Amino acid sequence: MNMKYCSDLTKRLALLLALGVGFATHNLHAQDLAPLPLKLPIPAFMGTPPDMQQMGPEVEKLSDKPRAPFMAPKGCVNLAFKKKVTSSDKSPITGSLDLVTDGDKEASDNSFVELHKKTQWVQVDLGTEAKIYAIIVWHAHNTFQVYHDVVVQISDDPDFTKDVTTVYNNDVDNTSGLGIGTDKEYFEDYQGRLMPVKGVKGRYVRCYSKGSTYSALNRYTEVEVWGLPAE
Ligand SMILES: [Ca+2]
Ligand SMILES: [Ca+2]
């Protein structure tokens, strides 16, 4: 066997191995994942789309395409459904905190709780530690608006004083004091904002905001936390 042939053969074998391993990993991956079975509310935009020229560079461009299905480990469920909600605002202006996890995501006036101005949060207690793969937040999707200082954190500590993982933060100027965020600001819509999470473990999910381009108040229509109970 000459050296050239030997080297070609090695290369081919290496290529085949690489392909084989690639497929195996890919198949294993695909078998374990499934699109999140989300149930979206009816789109309900009113008014004219805003002039993107007037929005800052930190605001994501409006898209007219639906979001691509989000792949997560099979068996993921919305662990937040009907779970207990607490808040920085002890006396909301409109609605009650249970509306945040009642499953109603429609753009109706009865579907949201409205908190006072400045930085406020709602917090969902999942009841037990979970492995989280996605969090979806609907503030209010009845009109074009961008919420400010959207920060989402996970912890096992109900007071969020230790072991806090921040999974979303678009407070670019740190006006809410939770650290400088590098995530995009975005327009609310019927799909909610899906924040991918890499299997972070925790029992509590806290969502901050500081008013929007539409109102200084903070509306929360629904929060979903997709994941699996932690092993
Ligand atoms: Ca709701
Ligand atoms: Ca800010």
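The site of the calcium ion (ligand 1) is irregular, with angles of 71 to 170° among its six donor atoms. This description comes from a predicted model. The donors are Leu 99 (O), Asp 102 (OD), Asp 104 (O), Ser 111 (O), Thr 221 (O) and Glu 222 (OE), and their distances from the calcium ion (ligand 1) run from 2.2 to 3.2 Å. Along the chain these donor residues follow the spacing L-x2-D-x1-D-x6-S-x109-T-E.

Two donors of this site can be placed by their accessibility. Ser 111 has a relative accessibility of 1% and is therefore buried. Asp 104 has a relative accessible area of 26%, so this residue is partly exposed, given that buried means under 20% and exposed over 50%.

The calcium ion (ligand 2) has protein donors in Asp 149 (OD), Asp 171 (OD), Asp 173 (OD) and Thr 175 (OG1), which lie 2.3 to 2.4 Å from the ion. In sequence, the donors of the calcium ion (ligand 2) are spaced D-x21-D-x1-D-x1-T. Asp 171 is buried because its relative accessibility is 0%, whereas Asp 173, at 52%, counts as exposed.

Confidence in the model is the last point. The protein has a mean pLDDT of 89, with 87% of its residues at 70 or more. Over residues 13–28, pLDDT stays under 50, and the model has zero contacts beyond four places in sequence for this stretch. Where pLDDT is low, predicted coordinates should not be read in detail.

Notes. Residues numbered from 1 in each chain as written. Chains lettered and ligands numbered in written order. Predicted model: local features only at pLDDT ≥ 70, side-chain atom pairs only at ≥ 80, totals over all residues. Heavy atoms only, no water. Donors = N, O, S within 2.8 Å, 3.2 Å for Na, K, Ca; no water. Buried < 20%, exposed > 50% of the residue type's maximum accessible area, 1.4 Å probe, protein only. pLDDT = per-residue confidence, 0-100. Contact = heavy atoms within 4.5 Å. Tetrahedral: all angles 85-135°; square planar, octahedral: opposite > 155°, others 65-115°.
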